[in-house]
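Visitor: Hi, could you walk me through this one? I'd like to start with the ligand.
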Amino acid sequence: MSINQSIKPYTLEEKEHLFLGGCDLVDLAKKYGTPLYVIDEATLRGICREYKKAFKDYKNIHMMYASKALCTSAITRILDEEGFGFDTVSAGEIYTVYKSGVDMSHVLFNGNNKSTSEINLAIDFKVGRFSVDNFYEAELLNKIASEKGVRVDILLRVTPGIECHTHDYIQTGQIDSKFGFDLSQVDDIVTLIKDNYKNLNLKGLHAHIGSQIFELKSYYDEVDILVKEIARINGKFGLNLDEMNIGGGLGVKYTDNDAPPSVNELAKAVTDAMEKYAVEIPTIYIEPGRSIVSTAGVTLYTVGSSKQVPNGRKYVAVDGGMADNPRPSMYQAEYFAEVANKVKSKDKESVTIAGRYCESGDILIENVELPIMKAGDVLCVYNTGAYNYSMASNYNRVEKPAMVLVNNSHSDIIVYRETLDNLISHDNIPDRLRKYD
Ligand code: LLP
């Protein structure tokens with residue numbers, strides 16, 4: 001079984017307690033407190049290698065980890081060691097990657113509204129590629145690059161007009177999207193670059209059709225459209241574009257209802273589409289985020305109060321929720337969980353896992369069959385490596401959880417738990433409101 005087709009990290013052991021990376025998850029909860037994000041290094045590296053292996057016959061492929069899925073200094077170190085470049089979308093992501101020692105020529109800067117200061121920073125840090133999203137950005141980037149006396153390598157982000165079956169909010173390649181140039185606008189932007197924007201060096205096209213994708217045909221169609229479009233541009237403008245970035249999006253298995261394709265199947269869809277045209281696109285970029293890091297992560301929570309609604313359902317509340325994992329309330333995302341200290345228990349009941357935040361919508365998992373829980377039990381929610389910490393907030397003024405990396409029976413903190421002082425560290429009380437000096 002391919003790693004991204006499994007719900008649980010593949011180094012998971014089920015004894016009396018759950019173990020991950022050789023560490024007892026109940027001990028980790030005690031040692032570091034909860035909620036706690038836990039990342040299994042072996043699973044993460046295994047998935048990176050699975051990607052590399054799947055595309056190994058295609059020599060000029062650049063794997064660019066979409067750091068929006070999970071961006072911390074230790075994670076970027078691991079991805080760098082595994083030979084991945086980085087898709088970044090903000091000064092914060094660029095800075096994290098830079099400070100963790102990444103060769104910045106392996107970094108691509110993406111986004112539909114890059115600010116002047118972000119563009120300045122990206123040029124100063126010498127990021128390898130800009131994915132130019134719109135006319136405004138092309139003009140701005142050219143202006144800043146010319147002021148700095150540099151020429152920057154760019155791809156053009158286009159919307160290939162592919163609708164894939166995923167949640168509306170995470171679909172990006174359809175015609176009416178806030179991202180990228182419509183294909184009908186490509187000639188205008190290429191003409192502007194060729195004739196006016198001398199500080200932009202156009203290398204190819206970029207698209208991203210969506211996230212949590214299960215249909216390989218969407219990738220096949222995407223490659224088809226991009227290959228034809230690049231050939232058309234080269235023919236019409238006498239250019240030699242030779243780069244194609246197909247974005248990310250491969251889905252993962254959050255529950256038994258999900259059946260994502262394997263990385264091998266994705267690689268085959270891409271190479272088949274390339275072979276069909278027998279064209280030379282020497283360089284392909286691929287930007288997986290979720291499928292790299294999701295399965296490697298779990299979140300541990302401590303169970304607190306429970307409530308049986310008379311003639312209704314039973315709620316079991318945990319000490320985290322929508323601020324550390326906003327996905328269920330934002331996208332109706334479904335997760336699978338187990339009780340880390342009751343792995344073998346046969347005494348089960350159907351419960352709804354509620355978060356601790358002051359919103360009725362703060363439900364982590366609806367109607368799940370789990371061992372009967374009481375206060376103090378440790379709940380382990382699977383597949384929380386992607387878009388959990390990276391989308392976490394301080395809603396209700398709650399400190400963000402810590403994150404630990406486990407490997408070979410050893411655990412290391414990679415993100416410290418926020419403190420109450422961290423929470424007020426950016427506050428300021430104007431002099432006229434001060435009570436104490
Ligand atoms: N490349 C581009 C240009 C993207 O916009 C994205 C994700 C990726 C790559 C990585 O896609 P992935 O392989 O992770 O699916 N917050 C949402 C997901 C938003 C994805 C946005 N773009 C969620 O929690 O489901």
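Guide: Happy to. One term before we begin: a polar contact here is a pair of N or O atoms within 3.5 Å. Also keep in mind that this is a predicted model.

Visitor: Okay, so what does Gly 249 do with the ligand, in those terms?
Guide: One of the backbone N or O atoms of Gly 249 sits 2.8 Å from an oxygen atom of the ligand.

Visitor: And which part of Arg 290 faces the ligand, backbone or side chain?
Guide: The backbone: a polar backbone atom of Arg 290 is 2.7 Å from an oxygen atom of the ligand. With His 208 the contact is through the side chain, where a polar atom lies 3.5 Å from a ligand nitrogen.

Visitor: How much of the ligand does the protein bury?
Guide: The protein buries 91% of the 580 Å² that the ligand exposes when taken alone.

Visitor: Which residues come nearest to the ligand?
Guide: There are 18 residues around the ligand, and those that come nearest are Ser 211, Glu 287, Arg 290, Arg 327 and Tyr 387.

Visitor: Switching topic: which residues touch the most other members in the largest nonpolar core?
Guide: Tyr 51, Phe 55 and Phe 130, in a core of 85 residues. Helix H8 (residues 216-237) gives the largest share of this core, with seven residues.

Visitor: What does Phe 55 touch?
Guide: Leaving out residues up to four places away in sequence, Phe 55 touches Ile 61, Met 63, Val 263, Leu 266, Ala 267, Val 270 and Ile 286. Apart from that core lies another, of 21 residues, including Leu 28, Tyr 32, Leu 300 and Val 406.

Visitor: Now Val 339. Where is it?
Guide: Val 339 belongs to strand E16 (residues 337-339).

Visitor: Is Val 339 buried or exposed, and why?
Guide: Val 339 counts as buried because its relative accessibility is 1%, and the cut-off for buried is under 20%.

Visitor: What is Val 339 in contact with?
Guide: Setting aside neighbours within four places in sequence, Val 339 contacts Leu 370, Pro 371, Met 373, Asp 377, Val 378 and Leu 379. As for Asn 120, that residue is 219 residues from Val 339 in sequence and 48 Å away in space, C-alpha to C-alpha.

Visitor: Last one: in what order do the three strands of the open sheet run?
Guide: The order is E1-E2-E3, with antiparallel pairing. Strands E1 (13-14) and E3 (23-24) are the edges, each pairing on one side only.

Visitor: And how many bridges join E1 to E2?
Guide: Two bridges join E1 to strand E2 (residues 18-20), and Glu 14 stands opposite Leu 18 in E2.

Notes: Residues are numbered from 1 along each chain as its sequence is written. This is a predicted model: local features need pLDDT of at least 70, side-chain atom pairs count only at pLDDT 80 or more; totals for chains, interfaces and linings use all residues. Side-chain values use heavy atoms; hydrogens and water are left out. Two strands pair if DSSP finds at least two bridges between them. Helices (H or I, at least four residues) and strands (E, at least two) are DSSP runs, numbered from the N terminus. Buried means under 20% relative accessible area, exposed over 50%, partly exposed in between (1.4 Å probe, protein chains only). Contact means heavy atoms within 4.5 Å. A nonpolar core is a set of buried Ala, Val, Leu, Ile, Met, Phe, Trp, Tyr and Cys residues joined through side-chain atoms within 4.5 Å. A residue is near a molecule or strand if one of its heavy atoms lies within 4 Å of it. A polar contact is a pair of N or O atoms within 3.5 Å; within protein, one must be able to donate a hydrogen and the other to accept it, and residues adjacent in sequence count only if both atoms are side-chain atoms. Accessible areas come from the Shrake-Rupley method with a 1.4 Å probe; for residues, only the protein chains shown count as cover.
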